[in-house]
Amino acid sequence: MPIPHLAIVMPAYNEAEGIRGFIAEIRDHVSPLADRLSFVVADDRSTDDTAAGLEGLDDVDVQTQPANRGHGPTALAAYRAGLDLSPDVLVHVDGDGQFVGADLARLISAFERTGADVVHGVRRDRTDPWYRRALTGAVSLLVAIAAGRRIPDVNTPLRAYRPEAVRMLVDAVPSAALVPHVHFSLAEARSGLDVRYVAVRSIPRRGESASGTMWGGGVKAWLPPQRLRRFAVDALRELWNVSLRPGAALRSIRRPETAGS
Ligand SMILES: Nc1nc2c(ncn2[C@@H]2O[C@H](COP(=O)(O)OP(=O)(O)OP(=O)(O)O)[C@@H](O)[C@H]2O)c(=O)[nH]1
Ligand SMILES: [Mg+2]
């Protein structure tokens, strides 16, 4: 049975070159699964034509953010804007288009088939430099210890959610969080949500700046860019304060009655 209303939300910063094509590819693959399909793009104050390039698309709502705040806060704003549409299923994916439309369709089909609260897209074939793998490995280990089980791709930006489950998570995480998806993954395990995993392809970002814009430096750099070093320290501190330390707000998160029922 098709999903009555499926909302797909994405944060975007200077993605003018790739985002329209990415949305078109998703639409092609996912439309058959839903009676109504809505896209929400949270534009993190792009300095290029990201917003202008999406004009004229009836199913795309561009929400310009009050200031440039980076991926985490923009992703949270995208989730909130998606929830405002009262969809039956909410999917988050980054606007840089590092996934293929066919995998979103597989993820959503798995979500429907299993009746899970959330399905994560687990990225395969990533070609991150060593320092990104080291950071990911450290965060995964901390989260595995706290969750009591390993979570395969703890920070994946591709997820399908039951709205009441993601509302619980969005309400629990500070709106300025740098790594909301890490907090989400841990809170999902702690609160007993039904989480499933689907392996998906990870491809280079669409558009010209193929080495990624968030961190500066190309994938061939040997040392972590200064921006990533600072981000790593801030993100680990945030993980401790928000999710790990005794008394942290997210330690006592509980599954909402309605989720999965
Ligand atoms: N660079 C950057 N991206 C942002 C910002 N705000 C939101 N985003 C979006 O956040 C997403 C992730 O950014 P990326 O630069 O790809 O970060 P990443 O996925 O960790 O890095 P890669 O693995 O190199 O792709 C993209 O969809 C961006 O459009 C911002 O201030 N700067
Ligand atoms: Mg990316």
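**Two ligands, some rings and two loop residues**

Reader: To start somewhere, where does R162 lie?

Author: R162 lies in the loop between β6 and α5 (163-172), where helices (H or I, at least four residues) and strands (E, at least two) are DSSP runs numbered from the N terminus. This is a predicted model, in which local features need pLDDT of at least 70 and side-chain atom pairs count only at pLDDT 80 or more, whereas totals for chains, interfaces and linings use all residues. Residues are numbered from 1 along each chain as its sequence is written, chains are lettered from A and ligands numbered from 1 in the order in which they are written, and side-chain values use heavy atoms, with hydrogens and water left out.

Reader: OK, and is R162 buried or exposed?

Author: R162 counts as buried because its relative accessibility is 17%, and the cut-offs are under 20% relative accessible area for buried, over 50% for exposed and partly exposed in between (1.4 Å probe, protein chains only).

Reader: What does the side chain of R162 reach?

Author: The side chain of R162 reaches the backbone oxygen of A116 at 2.9 Å, although R162 and A116 are 46 residues apart in sequence; C-alpha to C-alpha, they are 7.9 Å apart in space.

Reader: Switching to another loop, what does the side chain of Q65 make a polar contact with?

Author: The partner is the side chain of R69, at 3.3 Å; a polar contact is a pair of N or O atoms within 3.5 Å, and within protein one must be able to donate a hydrogen and the other to accept it, while residues adjacent in sequence count only if both atoms are side-chain atoms. Q65 itself lies in the loop between β3 (60-64) and α2, and at 7% relative accessibility Q65 is buried.

Reader: Now the ligands: how many residues surround ligand 1?

Author: There are 18 residues around ligand 1, the closest being Y13, E15, D44, D96 and Q98, with a heavy atom within 4 Å as the criterion. The shell holds 5 nonpolar, 7 polar and 6 charged residues, and β1 (3-12) and α2 (71-84) each supply at least two residues of this shell.

Reader: Which polar atoms lie by the oxygen atoms of ligand 1?

Author: An N or O atom in the side chain of E15 is 2.6 Å from an oxygen atom of ligand 1, and a backbone N or O atom of G95 lies 3.0 Å from an oxygen atom of ligand 1. Taken alone, ligand 1 exposes 610 Å², and the protein buries 91% of that, by the Shrake-Rupley method with a 1.4 Å probe.

Reader: What are the protein donors of the magnesium ion?

Author: The donors of the magnesium ion (ligand 2) are D96 (OD) and Q98 (OE1), lying 2.1 Å from the ion; donors are N, O and S atoms within 2.8 Å of the metal (3.2 Å for Na, K and Ca), and water is not among the atoms, so sites may look incomplete. D96 is buried at 11% relative accessibility, whereas Q98 is partly exposed at 27%.

Reader: And how many aromatic pairs are there?

Author: The count comes to 4 aromatic pairs, where rings of Phe, Tyr and Trp (its six-membered ring) pair if their centres lie within 6.5 Å, and planes under 30 degrees apart count as stacked, over 60 as edge-to-face and the rest as tilted. W130 and Y131 are edge-to-face because their ring centres are 5.6 Å apart and their planes at 80°. Y161 and F184 also form an edge-to-face pair, 6.2 Å centre to centre with 85° between the planes.

Reader: Where do Y161 and F184 sit in the chain?

Author: Y161 is in strand β6 (residues 159-161) and F184 in helix α6 (residues 180-190), 23 residues apart, so the pair links distant parts of the chain. Both Y161 and F184 are buried, and ring pairs link Y79, Y161 and F184 into a cluster.

Conventions
Nonpolar A, V, L, I, M, F, W, Y, C, P; charged D, E, K, R; others polar.
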